Structures are given as C-alpha cells and as structure tokens.
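Please walk through the model shown below, starting from the pairing of its strands and ending with its cavities.

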Amino acid sequence: MSTASIQEALSSARLEQLQKDNPFIHITDAVYEILEEAILSSRLDPGAKLRINTIADTLGVSGTPVREAMERLILRGLVVERIDPGRKYRSYTVFDIEDADIEQLFVARKSIDATAAYICAQKNWRVDIEKLEYHAARFQTAMTDYVNGRTSYPDAQADRQLHVELVNAAGNRYLSEMYRSIEKKLNYLAVRTCEFLALAQTRDDMRLLCNQHDAVINAIRMGFPQLAQTAMAEHVDFCEENCLNYRNIAKLRKQ
C-alpha cells in the first residue's frame, strides 16, 4: 500500500474526534482504535504494508504510540510482523489468509466447536446458559447495527466469546489447547465472515446466522448432544460457504 493509500485509509480527524469524545483517552489506545477500524473495514487491504513513520505522520503523532498499537494488533492477529534475515528493522503487514487456508481453518473449527457443543449438551449442568445467551444477544445487536449503518465495521467479538465460552465449558483440556493454537486466526476469520456476509446486504443471512446460535444454545439447554453437534456443524458450514463466496465478491468489487 502506498503512502497516499495509507493517508486515504487513516485520518487525523478521526483521532481528533476520539480525543474530543474522550479527553482522557490514551494516545496509544486512540491509534490502536483507528488502525483496528481501518483493518476491519478493509480500508487497509489484507497484505498491505504498514510503515510506522508514515502512519505517525498521517495521524500527527510520534512513532511510539504507533509501535505500541502495532504490538497490540500483532497479539490480536490483525497485523503480521516480519524481521528479514540480516536486517534489524521490522516490517508489518495487514494479516490475510488464502482461500485454501480458510477452508482448512473451518475444518478445524468445525471439529473443535461441534465436539464442544456435543459435550456441553451432554453435561449441560455445568454450562452457564445465561452467559451464552448474553453473547448471542450481543452479537445479534452488533450485526444489526452494522447492517443498518450505525457502525463502520462488524464487531465479531461477541461471536468469538460465545465460541470460546462453549469450548471452555466442555471442560476438555486438550480441546481447549487445540482451540487456543488457532484462536488468533479464528478471530480474524470471524471478522471477515461477518464482513463478507454484510457485503451481500441480505438481512435474511444475518438473521439466519443469529438463529443458528440460538439453535445450538437451545440444544445444549435441552440436553440433546447430537442435536447440538449437528446445529454447530451446520452453523460453521454456513459461515464457511458465505465467507468464501463474499470474499470473492469483495475481490471483484476492487478490480
């Protein structure tokens, strides 16, 4: 991504607005929020190079808060850090994954999530159903706000928290370890799935996505392991199909 493109994607006016809305906001937090918004809204393209000096100049800040924000984005899995052999300088790019990797990630996700749903329904007395419902409701609100233009990008954190809660509630240490090993990429994948769904601008798909969460939770509540497993598998398959389809739509729109 060129300097001009970065300047188009980022805005010092956004920084001023954040500081106006919250005079006590830490500059690193503000820079992080701006970069996160730009990445999740695809204003910064997947694979785009991020230069600290350029970002700092564009936002009118020093390099320190940009570096600190970049470290947080790396931990979140939204930015990839590389150190070239023989060079002391780091390079940063917006995270992206290929279609084949997306397919493999969904296979892994379905195996873990569907198994976790089965165990949770089998031992539903130790599952906090109210917490699952809370995350499901938050996700539905977030998607509704995005579709209606009240937010600039889809907040998929509630979706991820719902799935994390399910895996943890299963109480299987090895299942949890498997999940954590791919969690960063799954966070990114959840954001992209929501984004690509929204590109189609079909509210039916949004409602179906939310209804699938409810179907899994209800099966767990009633103690039907096979039903919970099947509902989760269908949910993940639905996400994969739409993620790949609308990913291609997004590519065509940018050509």
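Which residue in β3 is the bridge partner of Val80? The partner is Thr93. The model in which this pair occurs is a predicted one.

That pair belongs to a set of five bridges that join strand β2, residues 79-83, to β3 in an antiparallel arrangement. Another pair from β2 and β3 is Val79 with Val94. On the other side, strand β1, residues 49-50, is joined to strand β3, residues 90-94, by two bridges, and this pairing is antiparallel too. Here Leu50 is the residue that stands opposite Tyr92 of β3. Put together, the three strands make an open sheet with the order β1-β3-β2 and antiparallel pairing. β1 and β2 are its edge strands, each of them pairing on one side only.

The sheet can now be placed in the whole chain. The chain has twelve helices and three strands. Of its 255 residues, 47% are buried. Among contacts with a separation of 6 or more, 73% are between residues 24 or more positions apart.

Val79 gives a local view of the sheet. This residue is found in strand β2. Its relative accessible area is 3%, under the 20% limit, so Val79 counts as buried. Leaving aside residues up to four places away in sequence, Val79 touches Ile39, Leu50, Met70, Leu73, Ile74, Tyr92, Thr93 and Phe95. Leu50 and Tyr92, both on that list, are the residues that stand opposite each other in the pairing of β1 with β3. Thr93, also touched by Val79, is the bridge partner of Val80. A further distance concerns Ala48: its C-alpha atom is 9.6 Å from that of Val79, with the two positions 31 residues apart in sequence.

Gly63 is a second residue to look at, this time in a helix. Gly63 lies in helix α5, which covers residues 63-76. Met70, Leu73 and Ile74, which Val79 touches, have numbers inside the range of this helix. With a relative accessible area of 16%, Gly63 is under the 20% limit and therefore buried. Gly63 touches Ile52 and Ala56, again not counting residues up to four places away in sequence. The C-alpha atoms of Gly63 and Asn53 are separated by 6.2 Å, and the two residues are ten apart along the chain.

Ile52 leads on to the largest pocket. The volume of this pocket is about 470 Å³. It is lined by 14 residues, and those closest to its centre are Ile52, Tyr89, Arg90, Ser91 and Tyr92. Which elements each supply at least two residues of this lining? They are β1, α4 (52-59) and β3. β3 gives the most, with four residues. By class, the lining has four nonpolar, three polar and seven charged residues.

The cavities are a separate matter. A search of the whole structure finds two of 30 Å³ or more. The second largest has a volume of about 30 Å³. Its lining consists of Leu162, His163, Leu166, His213, Val216, Ile217 and Met232. Helices α8 (157-170) and α11 (203-222) each supply at least two of these residues. By class, five of the lining residues are nonpolar, two are polar and none is charged.

Leu162 also has a part in the surroundings of His135. His135 is found in helix α7, residues 129-147. The residues that His135 touches, not counting those up to four places away in sequence, are Ala158, Gln161, Leu162 and Glu165. Is His135 buried or exposed? His135 is buried, because its relative accessible area of 9% is under 20%.

The cysteines come last. How many disulfides does the count come to? The count is zero. Cys120 has a relative accessibility of 1% and so counts as buried. Cys239, at 4% relative accessibility, counts as buried as well.

How values were computed: Residues are numbered from 1 along each chain as its sequence is written. This is a predicted model: local features need pLDDT of at least 70, side-chain atom pairs count only at pLDDT 80 or more; totals for chains, interfaces and linings use all residues. Side-chain values use heavy atoms; hydrogens and water are left out. On a 1 Å grid over the protein atoms alone, a cavity is a set of points where a 1.4 Å probe fits but cannot get out, and a pocket is an open set with protein on both sides within 12 Å along at least five of seven lines; lining residues have an atom within 4 Å of a point. Grid points are joined across faces, edges and corners, and a volume is the space filled by probe spheres set on the points. Ala, Val, Leu, Ile, Met, Phe, Trp, Tyr, Cys and Pro count as nonpolar, Asp, Glu, Lys and Arg as charged, and the others, Gly among them, as polar. Two strands pair if DSSP finds at least two bridges between them. A disulfide is a pair of cysteine sulfur atoms within 2.5 Å. Buried means under 20% relative accessible area, exposed over 50%, partly exposed in between (1.4 Å probe, protein chains only). Contact means heavy atoms within 4.5 Å.
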